[in-house]
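Colleague: Could you take a close look at one part of this protein for me? I'd like to hear about a pocket and the helices around it.

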Amino acid sequence: MASPAAGEVAIIGSGLIGQSWAMLFASGGFKVKLYDIGQQQVTNALEKIRKEMKFLEQSGSLKGSLGAEEQLSLISGCLNIQEAVEGAMHIQECVPENLELKKKIFTQLDQIVDDKVVLSSSTSCLLPSKVFAGLAHVKQCIVAHPVNPPYYVPLVELVPHPKTAPMTVDRTYALMQKIGQSPVRVMKEIDGFALNRLQYAVISEAWRLVEEGIVSPSDLDLVMSDGLGMRYAFIGPLETMHLNAEGMLSYCDRYSEGMQHVLKTFGPIPDFSGATVEKVNQAMCVKVPSDPEHLAARRQWRDECLLRLAKLKRQMQSQ
């Protein structure tokens, strides 16, 4: 394999996450090769990217300094994995969340890459020590877990394998910043990384509150969307504590006893089945029917809200 030329990225897998990554890298001026095993998958992905970029440009939400056509010209499809990674300085794997499939892909990549390219997985929960087990280029391997949908939500969790070189983390961190994402360093691997551990903690307590008849499913969602979520769109839970008293020390001194009392009342992990599933599903379907058309329309509405929120956040941060 040739030496990596600055500005070339390979995306392995052309699904929704792969498409988002391709758009993000193109927005940063990178030349992108989008690989998949079938021509139809690649053709469909490129068409979806074109449609999305045109929409974003028309709505004034396209990322980067280049126009849509310029960005689109940077993205090409590829059916040969060796050709896809030729000259790449970063490879972003986006195949389905299946450990054996991801291991197969990285074993294949391990045999054709040099010792300079970064090998990155988009996995949301598979541990790097399992995904990258036994690879010769393990020092170049890292998880860069985006949040769905990545183009609209900037967070990327960077999770190293125990043998990942610090330079690999630094390079990936800088690259994510360059394409407008917000990277965070997860210092060592843990099940669920950081984002999903927080998300699952919220889901678990939300489920218990509904299951125990404390609050209805629709009102539970309001607690987040019109309550906690309003704050969390701009500041995290730790800064919230800091601001809700005369600093963090004051908050802990004032509220720690009450927090501990409440936390001790938390129940066991829910099994997410039975009557509660029916109750929650019924409430959700009243709001958004679960047929593909209604779900797609609601996702589009969600993405438009995220775009507008992102604009507001940028305006607020620049003031």
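Modeller: Here's a walk through the second largest pocket, then the helix pair beside it, and a short look elsewhere for contrast. Keep in mind that this is a predicted model.

Let's start with the space itself. The second largest pocket holds about 790 Å³. Its lining is made up of 22 residues, and those closest to the centre are L16, Q19, E52, Y152 and D303. If you sort the lining by class, you get 11 nonpolar, four polar and seven charged residues.

Where do those residues come from? Helix 1, helix 2 and helix 13 (292–318) each give two or more residues to the lining. Helix 13 contributes the most, with seven residues.

Now for helix 1 and helix 2 as a pair. In general, two packed helices are described by the angle between their axes and the distance between the axes. Here helix 1 covers residues 16–27 and helix 2 covers residues 39–58, and they pack at an angle of about 55° with their axes 10 Å apart. That angle is why helix 1 counts as oblique to helix 2. The crossing of the two is right-handed.

On the helix 1 side, the contact uses Q19, A22, M23 and A26; on the helix 2 side, A45, K48, I49, E52, M53 and L56. By class, that contact has seven nonpolar, one polar and two charged residues. Two names should ring a bell: Q19 and E52 take part in this helix contact, and Q19 and E52 are also among the residues closest to the pocket centre.

For contrast, try helix 8 (residues 195–211) and helix 9 (residues 217–232). Their packing angle is about 145°, and their axes are 10 Å apart. Helix 8 brings V202, A206, L209 and V210 to the contact, while helix 9 brings P217, L220 and M224. That contact has seven nonpolar residues, with no polar and no charged ones. The crossing of helix 8 and helix 9 is right-handed.

One last stop, for enclosed space. The count comes to one cavity of 30 Å³ or more, and the largest cavity has a volume of about 30 Å³. Its lining consists of E8, V9, K31, V32, K33, A84, E86, G87 and A88. Strand 1 (8–12) and strand 2 (31–35) each give two or more residues to that lining, with the largest share, three residues, coming from strand 2. By class, the cavity lining has four nonpolar, one polar and four charged residues.

Notes:
Residues are numbered from 1 along each chain as its sequence is written. This is a predicted model: local features need pLDDT of at least 70, side-chain atom pairs count only at pLDDT 80 or more; totals for chains, interfaces and linings use all residues. Side-chain values use heavy atoms; hydrogens and water are left out. Axes are lines fitted to C-alpha atoms, for helices over the stretch in contact, and angles run from 0 to 180 degrees between N-to-C directions. Helices (H or I, at least four residues) and strands (E, at least two) are DSSP runs, numbered from the N terminus. A crossing is left-handed if the near helix is turned anticlockwise from the far one by less than a right angle, and right-handed if clockwise. Contact means heavy atoms within 4.5 Å. Ala, Val, Leu, Ile, Met, Phe, Trp, Tyr, Cys and Pro count as nonpolar, Asp, Glu, Lys and Arg as charged, and the others, Gly among them, as polar. Angles under 35 degrees count as roughly parallel, over 145 as roughly antiparallel, 65 to 115 as roughly perpendicular and the rest as oblique. On a 1 Å grid over the protein atoms alone, a cavity is a set of points where a 1.4 Å probe fits but cannot get out, and a pocket is an open set with protein on both sides within 12 Å along at least five of seven lines; lining residues have an atom within 4 Å of a point. Grid points are joined across faces, edges and corners, and a volume is the space filled by probe spheres set on the points.
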